[in-house]
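Biologist: I would like a close look at one helix in this protein. Please set the scene, then go through that part step by step.

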Amino acid sequence: MFGERSGKPSPSEWLLAQNKYKGKKTLQKATTISITAGKGGVGKTSVAVKWAKLLADQGYKVLLVDCDYNLSNTVVKLGLPVTNDFYDLISAQKEFTDCVFKMGSFHLLAGCNGNIEIFKKGLELDRIIIDILVTHEREYDYILLDCPAGISKETLTLNAYSDYRFVVVTPDKSSVTDSYSLIKILNKEFGVNDHHLLLNKISNDVQYQRMVKTLTETVEHFLSCSLHVLGGLRKEEGPVDSFDRILLEEENSALHKNFIKIVSKFTEEIESSSSFNESDRAYFQSTRSNEFRSTLA
Ligand SMILES: Nc1ncnc2c1ncn2[C@@H]1O[C@H](COP(=O)(O)OP(=O)(O)OP(=O)(O)O)[C@@H](O)[C@H]1O
Ligand SMILES: [Mg+2]
């Protein structure tokens, strides 16, 4: 277990004492989802932004929190201005509502970008974000946390606090290894045994099937954790900077349509059932395989 820094229990210890991650979901509170990975550059922010926007399009009230608090990429992807609002919020210079970008029912709490004061302060990000969540989780249907790369204690605590964790993995071997390390530490240190897997930058169906099999079997066998497969996103070829445009602006693209299927299926499933049983999961995984195959066709 991670140690205490002061007399107060750390957020992870407090979480475990409350058994918070297991019992938080109620009808009145937002469903909180961490988009996480361990590995950098796998598509966490792309997935978080797109997922949040699609949920808002479906009529849900959504808050996306950029937890990469001093390297905020959400604003960049959405073409919004860079601000210091996150610093102003945590230093009590501004109210939450004045620090959130509002685009209909999609709200974004962005981070800062190279803010020196935040850098010098050395934030306890988990404590700050959990405070924000506890204060505002009744105002939203969904809260999505775009997590930074790495397995800092702060990120792990936010992952553990969330109702769901979407682990984004690419075929890169180091992405697979890092996601396994993340899942392992969440299990051993926080008792979390349940995750969702989103495969990104996939080239073909064989690769997708192989990754699903390897990851689900390894995680189940060695960690006794469940990995629910959300689906796969094809690696878009072409200029590096074209992906975000296709993702966020091209509503006729296969990528957009595939995303809608994945998001809709997930929301339907969590609304009809708060937990998966074994037969649900087997069905879920085989459906995902078929859907992914059809997007590659
Ligand atoms: N399916 C895909 N096909 C092609 N390019 C992609 C795909 N998914 C993401 N990318 C590109 O990969 C890069 C990294 O994406 P993104 O910033 O979303 O990753 P991240 O995991 O949030 O990174 P970081 O760890 O730095 O926060 C971006 O250039 C993005 O456009
Ligand atoms: Mg990111």
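How many helices and strands does the secondary structure of the protein come to? And what does α10 pack against?

Modeller: A caution to begin with: this is a predicted model. The secondary structure comes to 14 helices and eight strands. The protein has 297 residues, and 39% of them are buried. Among contacts with a separation of 6 or more, 79% join residues 24 or more positions apart.

Now to the helix itself. Helix α10 covers residues 173-190, 18 residues in total. From its first C-alpha to its last, α10 reaches 25 Å. At 1.5 Å a residue, 26 Å would be expected, so the value is close.

Next, the burial pattern. S175, D178, S179, L182, I183 and L186 are the buried residues of α10. Seen down the helix axis, they fall within an arc of 135°, so they line one face of α10. The general geometry fits this reading. An α-helix has 3.6 residues a turn, so residues three or four places apart point the same way. The other side of α10 has exposed residues: K173, S174 and K188.

What does the buried face meet? The buried residues of α10 pack against two helices by name, α9 (153-161) and α11 (205-223). They also pack against the strands β1 (31-36), β6 (164-169) and β7. Just after the helix, G191 takes a positive phi of about 75°.

One of those partners leads to the ligand. Strand β7 (194-202) gives two or more residues to the shell around ligand 1, as do α3 (44-57) and α12 (242-249). Helix α3 gives the most, with three residues. There are 19 residues around ligand 1, and G40, G43, K44, T45 and S46 come nearest. By type, the shell divides into six nonpolar, seven polar and six charged residues.

Helix α3 also matters for the nonpolar core count. The largest nonpolar core has 69 residues, and A52, V62 and L144 touch the most other members. The largest share of this core comes from α3, with seven residues. A52 touches V62, L64, F106 and L144, leaving aside residues up to four places away in sequence.

Back to α10, in brief. Its buried residues line one face, and that face packs against β7 among others. K173, S174 and K188 are exposed on the other side.

Notes
Residues numbered from 1 in each chain as written. Chains lettered and ligands numbered in written order. Predicted model: local features only at pLDDT ≥ 70, side-chain atom pairs only at ≥ 80, totals over all residues. Near = placed C-beta within 6 Å. Helix = DSSP H or I, 4+ residues; strand = E, 2+ residues; numbered from the N terminus. Nonpolar A, V, L, I, M, F, W, Y, C, P; charged D, E, K, R; others polar. Buried ≥ 20, exposed ≤ 12 C-beta atoms within 10 Å, placed from the backbone. Contact = placed C-beta atoms within 7 Å. Core = buried A, V, L, I, M, F, W, Y, C linked by C-beta atoms within 7 Å. Arc of directions from axis to C-beta.
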